[in-house]
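Welcome to a short set of exercises with worked solutions. Have the sequence and the model open side by side, and try each task before reading on.

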Amino acid sequence: MDLRQGDAVVWRNRAVTLFDRIPMPAAVCDVYGSVVLANPAMAAEWGTSPGRLRGRDVLELFRPQEAMQVERIAQALRLRHRSRYPVSVRWDAADGAQRHGELTADPISDGPDVTPSLLVLVRVLGDRTPPAEPPPTPPASPTEARILALLAGGATTARTARETGLTVDGVNYHLRRLSARWAATGRTELVARAYASGVLRPGVWPPEAASAE
């Protein structure tokens, strides 16, 4: 190895060390966007090691918010333009946060006639944690469960109204809501659904709501 080759190796090693120490996600990609080299900050976004990102499509990792931005970059590269190309992106990080930021792609090459690679840098602009799942909606309210228990025991609408302190119209209102919620076609089906969904306690007579003390 001659002196110039030795110097080239030294500078290459220094460049790789510097690349690995960049605090923002960075990668070197081929002209088609396939990752050739990734730094630890880039790998950390996906909870993996840099080597496992090799061969991944950078635009699958970071989703462009505007497809036309990507087409403009591709056209510029075909024309061998050397400008920096920013793309607004979003992604789901390994820690569960949904992030958005700006991806820049800088063409780099060893000479004017060599097909360039892309130095990709990602600037994180913000993130948000997905909202927690709302608690499940009970299949029936206590009043609805009481109405169903009375109907299951053979009570008429008028008696059900007296027992629950509602009007007849009030009882029918609750039954219509239950029918729509459960897609039930009649009172017999409502009672069957109430047992199947655990609203009414099985094996008990007279029927009672499962939540009854």
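The protein chain has 8 helices and 6 strands, where helices (H or I, at least four residues) and strands (E, at least two) are DSSP runs numbered from the N terminus. This is a predicted model, in which local features need pLDDT of at least 70 and side-chain atom pairs count only at pLDDT 80 or more, while totals for chains, interfaces and linings use all residues. Residues are numbered from 1 along each chain as its sequence is written, and side-chain values use heavy atoms, leaving out hydrogens and water.

**Exercise 1. Write down the order of the elements and the share of buried residues.**

Step 1: Starting at the N terminus, the order is α-β-β-α-α-β-α-β-β-β-α-α-α-α.
Step 2: Of the 213 residues in the protein chain, 32% are buried (buried means under 20% relative accessible area, exposed over 50%, partly exposed in between, with a 1.4 Å probe and protein chains only).

**Exercise 2. Follow strand β4 and its partners.**

Step 1: Look at the side chains of β4 (residues 85–92), which alternate. Tyr 85, Val 87, Val 89 and Trp 91 point to one face and are buried, whereas Pro 86, Ser 88, Arg 90 and Asp 92 point to the other and are not.
Step 2: Find the partners, counting two strands as paired if DSSP finds at least two bridges between them. Strand β3 (residues 63–64) pairs with β4 in the antiparallel sense over 2 bridges, and Arg 63 has Arg 90 as its bridge partner.
Step 3: Strand β5 (residues 98–108) also pairs with β4 in the antiparallel sense, over 8 bridges, with Ser 88 opposite Glu 102.
Step 4: Inspect the turn. The hairpin of β4 and β5 has 5 residues between the strands, and Gly 96 there has a positive phi of about 90°.

**Exercise 3. Describe how α5 and α6 cross.**

Step 1: Two packed helices are described by the angle between their axes and the distance between the axes.
Step 2: The axes of α5 (residues 142–152) and α6 (residues 157–164) come within 10 Å and cross at roughly 135°. Axes are lines fitted to C-alpha atoms, for helices over the stretch in contact, and angles run from 0 to 180 degrees between N-to-C directions.
Step 3: α5 and α6 are therefore oblique to each other (under 35 degrees counts as roughly parallel, over 145 as roughly antiparallel, 65 to 115 as roughly perpendicular and the rest as oblique).
Step 4: List the contacts, meaning heavy atoms within 4.5 Å. Arg 146, Ile 147, Leu 150 and Leu 151 of α5 meet Thr 160, Glu 163 and Thr 164 of α6.
Step 5: Turn to burial in α5: Glu 144, Ala 145, Ile 147, Leu 148, Ala 149, Leu 150 and Leu 151 are buried, and their cover includes α6, α7 and α8. Pro 142 lies in α5 too, but is exposed, with a relative accessible area of 65%.

**Exercise 4. Repeat the analysis for α7 and α8.**

Step 1: The axes of α7 (residues 168–182) and α8 (residues 187–196) come within 10 Å and cross at roughly 65°.
Step 2: That makes α7 roughly perpendicular to α8.
Step 3: In the contact, Asn 172, Leu 175, Leu 178, Ser 179 and Trp 182 of α7 meet Arg 187, Leu 190, Arg 193 and Ala 194 of α8.
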